[in-house]
Structures are given as structure tokens and as C-alpha cells.
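Student: I am new to this structure and would like a close look at a single part of it. Could you take one helix and set it within its chain for me?

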Amino acid sequence: MRNPWAWSLALGAVLLPAVVPGYGLYVLTLGLIFAAAAIGLNLLTGQAGQVSMGHAGFMGIGAYTSALLSLRFAFPLALSIPLAAVGAAVVGLALGVPALRLSGPYLAVATLGFGTFVSQFLLKWESLTGGYMGLKPHRLLWTSAIPEDWQLYYFTVAILAGLSWLALRVERSRLGRAMVAVRDAEWVAQASGIDPVRTKLAAFALSAGYAGLAGALQAHVVGFISPSDFSLQASIFLLSAVVIGGLASVPGAVVGAVALTVGFQALSGVRDLRSILYGGAMVLVVMFFPGGLWRLRLNGLFTRKPVAVVWRRSRATGP
Amino acid sequence: MPPVLEVRDLRVRFGGVTALDGVNLAVAPGEVAGIIGPNGAGKTTLLNVVSRFVTPAQGTVYFAGQPLLRYKSHQLARLGIGRTFQIPRMLVGLSVLDHVLVGAEHGGLSGPRARQTARETLEQLNLSAVADVSPLALPAPLQKRVDLARALAGRPRLLLLDEPAAGLAGEERTALGELVRSLQVRLGCTVVVVEHDVELVSRVCDRVFVLNFGRLIAEGTPQEVRRHPAVLEAYLGEAEHVGA
């Protein structure tokens with residue numbers, strides 16, 4: 001990790017509980033959970049170029065899978081949370097198959113439909129999911145009956161660090177380069193020996209696994225889940241975090257998700273204005289900083305090199 | 001030894017338009033073959049059939065004696081077929097080295113060997129100095145060379161070049177011709193060049209195929225083809241270029 005910004009972020013994350021009060025730390029923890037899902041979405045949308053407007057659906061699958069496994073079948077959380085990630089990844093793989101035939105706005109609409117289906121499914125199957133009353137999953141516990149905010153925070157930081165490390169490894173791997181090739185020029189990818197079907201399916205599964213894990217964490221950190229937590233609004237929130245933070249950037253996804261979560265809470269006093277301010281901020285970022293907040297600092301402080309690496313959809317229409 | 005590339009009775013239709021009409025051709029191992037023809041002659045369509053981006057209505061394609069149409073386009077790199085594109089598409093966010101690495105690691109090499117081959121290929125094409133640069137920062141001629149390096153890094157036995165000289169200036173065209181020839185000698189691969197520039201094809205190719213309106217109208221050495229009456233007729237208006 002040679003990047004001074006990344007070091008600063010890591011050090012700040014460790015020291016934060018010393019200066020941020022309890023509730024603030026809890027909000028930050030939620031932001032880090034969203035960051036885990038945003039990193040996954042970033043692999044799919046930023047790295048592999050496949051738009052998903054229904055990613056909160058995978059979070060919902062993860063949250064309810066882990067909650068139900070632990071509540072109904074007495075699975076320990078150490079087992080139910082990873083199983084939730086696997087379950088979401090399998091659903092992601094299944095969704096990836098029909099999605100292979102779609103791209104751009106058609107894929108966006110299809111994934112939006114998936115997200116809506118999941119939240120409606122969770123709402124309607126009351127006997128299993130509790131309907132709009134939701135579920136009260138076990139909370140993550142260590143020594144005390146009620147988990148301390150700093151414990152939840154450090155636990156989430158540790159998980160997020162692991163997920164970030166894995167995503168960075170994927171980005172710089174054979175698979176990561178294949179994703180970029182499929183995103184930017186599918187014909188070039190094929191001519192180079194890359195199977196676009198396998199690459200997109202891998203991206204869908206991996207991305208859904210991240211979201212499933214994030215959903216499971218949310219369930220056991222908050223201690224309550226309901227279908228409205230995984231609605232279309234949550235999916236748009238995730239996509240906004242990825243775009244505002246910086247597409248195809250792991251730290252960008254983290255910064256975007258944390259900034260949006262904290263901002264959302266900070267603006268809770270002006271509830272009516274919140275959406276307007278949010279929408280306005282998003283328009284400004286997309287218009288003036290298309291590389292996102294993370295790349296904005298790259299251009300400014302620590303390097304004089306222009307960052308040409310701005311994500312763009314330059315999909316080849318033919319050779 | 002069978003031809004590296006053999007096309008038999010190839011017919012391609014796009015709706016009501018016949019893009020290729022009963023084309024037959026064979027390229028021997030180690031040859032540099034050129035495919036020329038006026039705009040719309042079917043040159044790139046032929047290349048797209050061979051690289052499996054277009055499925056023909058009729059006909060067969062053989063690569064080193066084995067039927068090629070049973071494979072998908074992404075399987076060809078591992079078989080030993082590489083290709084470049086008329087307008088090279090650069091992969092955003094990857095350095096020049098990573099770009100070439102994509103060709104090496106998906107063409108059948110793995111791990112450090114793929115990286116080593118990518119570096120060697122950059123060296124061969126005089127691109128080592130820009131290995132860590134984003135290819136988007138490079139001028140168009142160098143982007144074409146990066147695209148060529150990507151195709152070469154898979155160590156192909158058959159290299160398909162789609163209008164490699166398009167957009168290049170005079171000196172760059174001369175350099176490209178020398179580069180293609182030297183690559184053929186050094187790597188021993190068979191090369192098929194689709195090109196508008198008849199001068200370049202004449203200089204570089206051992207054998208030339210001329211297409212017009214989807215039909216093969218002439219084949220032979222560059223000298224034979226340039227004197228062929230059907231070629232002169234097809235290039236009417238460009239006759240002085242062909243006959244120069």
C-alpha cells in the first residue's frame with residue numbers, strides 16, 4: 001500500500017472511535033457495511049461494466065438467509081453469515097445467465113425488476129420473513145449482552161479491510177483484466193481469448209456475494225431487518241455511492257458509501273430537503289468530477305499526473 | 001503440410017446483401033498474404049468469418065487442417081489465431097503492459113511466463129518505454145502497435161491484421177511494412193493482412209487475394225495481381241495507384 005491517502009484512511013479508521021461518539025460510530029459502521037456492498041457493485045458495474053439497479057436485492061437475500069438460518073435452525077453467526085454470502089452469490093450467478101443477453105438500459109431495467117421482486121417477495125411471504133414487521137436477527141455479541149458500538153465498528157472495519165484486499169487482488173488479477181476488456185471492448189476481449197460469458201457470470205456472482213455478506217452484517221449489527229431496508233431506494237443509494245466515490249475504484253466505493261451514509265444521517269433534520277440536496281450533489285459530481293471523489297483527490301494533492309483512467313463506456317460495436 | 005488457413009466456398013449474407021459469394025482461398029504456412037479490394041468488397045467480413053465474429057451462410061474454414069467453424073471466437077486465441085482491429089480499442093484503466101498481458105495470459109500462458117512474454121513483445125515492438133503508461137495517452141499509431149502487441153503476445157501461428165496502415169502517415173506505413181515482415185521472420189507465424197494500401201501489400205506480401213463485390217477476382221504474387229485485367233477494372237479510378 002504505497003498510496004498515502006490509503007494509509008491515512010486506514011489510520012483514521014483505527015483511531016476514529018477515540019473521537020467519534022457512540023451514535024456517530026454506529027452510523028459509520030452502517031456506512032462501512034454499505035461500503036462492502038458498494039465494493040461488490042463496483043466490481044460488477046465499474047470493473048465489468050454491467051449495470052445493476054437492484055443490488056439491494058442481493059443484500060436482502062444475504063440478510064434474510066443469515067437471519068433465518070440463525071433464528072430457525074440455530075446456525076452460529078460464524079456459519080450463517082458466510083452461507084448468506086454464498087447464497088447471494090448463487091442467486092447472482094442465476095441472475096447473470098439471463099442478464100448476459102442484455103446490456104445498457106435493458107440490463108438496468110432487468111436488474112431493477114430483480115430488486116423489486118426480492119423486496120416484494122420478502123414482503124409477501126409473511127410466514128417466513130415476517131412481512132413488513134420484519135425479523136429481529138441475533139446481534140453480534142462478544143462479552144456483554146448488548147454489543148458495544150466500538151466492537152461492532154472494529155469488527156466491520158476488519159471485515160471491510162479483508163473484502164477490500166480481496167477486491168484489489170481481483171482487480172489486478174487475470175479475471176480483473178478480463179472484466180475490463182469485456183467492459184471496454186468485448187470484441188477485443190474475445191479476440192484475446194477471453195470468454196465474455198464466464199467473465200460476466202463471475203462478476204455477477206462475486207458482486208452478489210459481497211452484497212449478500214453486507215446484508216448479513218447489516219442484519220446482525222442492526223438487529224432488525226425489514227423488506228424496506230432492501231428496496232429500490234437502497235439499490236439507487238448503492239449505485240450512487242459507487243458513482244460518487246469513483247467507478248472502478250475500491251477506495252472510491254468505500255469513500256462514496258461512507259460519505260453518503262454519513263451525509264444522509266446528517267441531513268435527517270431537513271428530511272424534506274434531503275432528497276433534493278442529494279440529487280443535486282449527485283448531478284454536480286457526475287457533471288464536474290466524472291472520476292468520482294476518490295480520483296478528485298488524486299488530481300489535486302498527491303500527484304501531478306492527469307488521471308486518464310476515467311471510466312467510460314466505450315463498448316465496441318464491431319471490429 | 002496443410003495450409004494454415006483454407007476457406008472453401010464461403011458465402012455470407014447480411015439481409016439482402018451478399019457480402020461474400022463463393023470465396024475460396026488458401027494460405028500456406030509462413031506466408032504473408034494480403035487481401036485487397038475496393039470499399040465494400042468483403043475484406044473485413046472475410047476476416048470476421050475467420051475470427052468467428054460472423055457465421056457464414058455456407059462454406060467451411062480450416063485452420064491447419066481442422067474445421068474452424070465449430071469454435072467460438074474466444075477459443076481461437078488458444079488455438080493459435082490472433083487478430084488486430086482496424087480501429088484499435090484501448091482498455092481503459094490498464095497500462096500498456098497490462099493490455100499486452102491480457103493477450104498473453106488468455107492466449108494460453110500463465111503467471112510469470114505471461115508477464116515475461118508481454119514484456120518481450122513490448123520490447124520487440126519498441127514499446128518498452130511506454131509499458132507503464134495508459135494506452136489512452138498514446139497517439140493513434142502507437143495505439144495500433146499496442147493492439148498488435150496484444151495480438152502477438154498470445155504467440156499466434158496465424159496473425160490476422162485488419163487494415164494496419166489505416167490512419168498512418170507515409171513513414172509510419174513504411175515502418176509498419178518492415179515490422180510485419182520482420183515479425184514473420186522472427187516469430188515464424190503466418191500473416192494475413194487486409195489492407196487498402198496496395199503499395200504496402202505489394203511490398204510486404206508473398207501472395208495477394210483480390211476481392212470485389214464479395215467475389216475473389218484474382219490471386220497471385222503482387223506483380224501478377226497488379227497486371228490482372230479484373231483487378232485493374234475493379235480499381236478503375238484507382239488504376240494509376242495499382243499500376244504504379
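**A helix within its chain**

Tutor: Read along the sequence, chain A runs α-α-α-α-α-α-α-α-α-α-α-α-α-α, with 14 helices and zero strands, where helices (H or I, at least four residues) and strands (E, at least two) are DSSP runs numbered from the N terminus. This is a predicted model, in which local features need pLDDT of at least 70 and side-chain atom pairs count only at pLDDT 80 or more, while totals for chains, interfaces and linings use all residues. Residues are numbered from 1 along each chain as its sequence is written, and chains are lettered from A and ligands numbered from 1 in the order in which they are written.

The part to look at is helix H8 of chain A, residues 174–184, which is mostly covered, since nine of its eleven residues are buried; a residue is buried if 20 or more other C-beta atoms, placed from the backbone, lie within 10 Å of its own, exposed if 12 or fewer, and partly exposed in between. The buried residues of H8(A) are Gly176(A), Arg177(A), Ala178(A), Met179(A), Val180(A), Ala181(A), Val182(A), Arg183(A) and Asp184(A). Among the elements that cover them are helices H2 (22–47), H7 (149–171), H9 (186–191) and H10 (196–222) of chain A, together with helix H3 (96–106) of chain B.

For the surroundings, buried residues make up 49% of the 319 residues in chain A, and the C-alpha trace of chain A spans about 60 × 45 × 40 Å along its principal axes. Of the contacts in chain A with a separation of 6 or more, 79% join residues 24 or more positions apart, a contact meaning that two C-beta atoms, placed from the backbone, lie within 7 Å.
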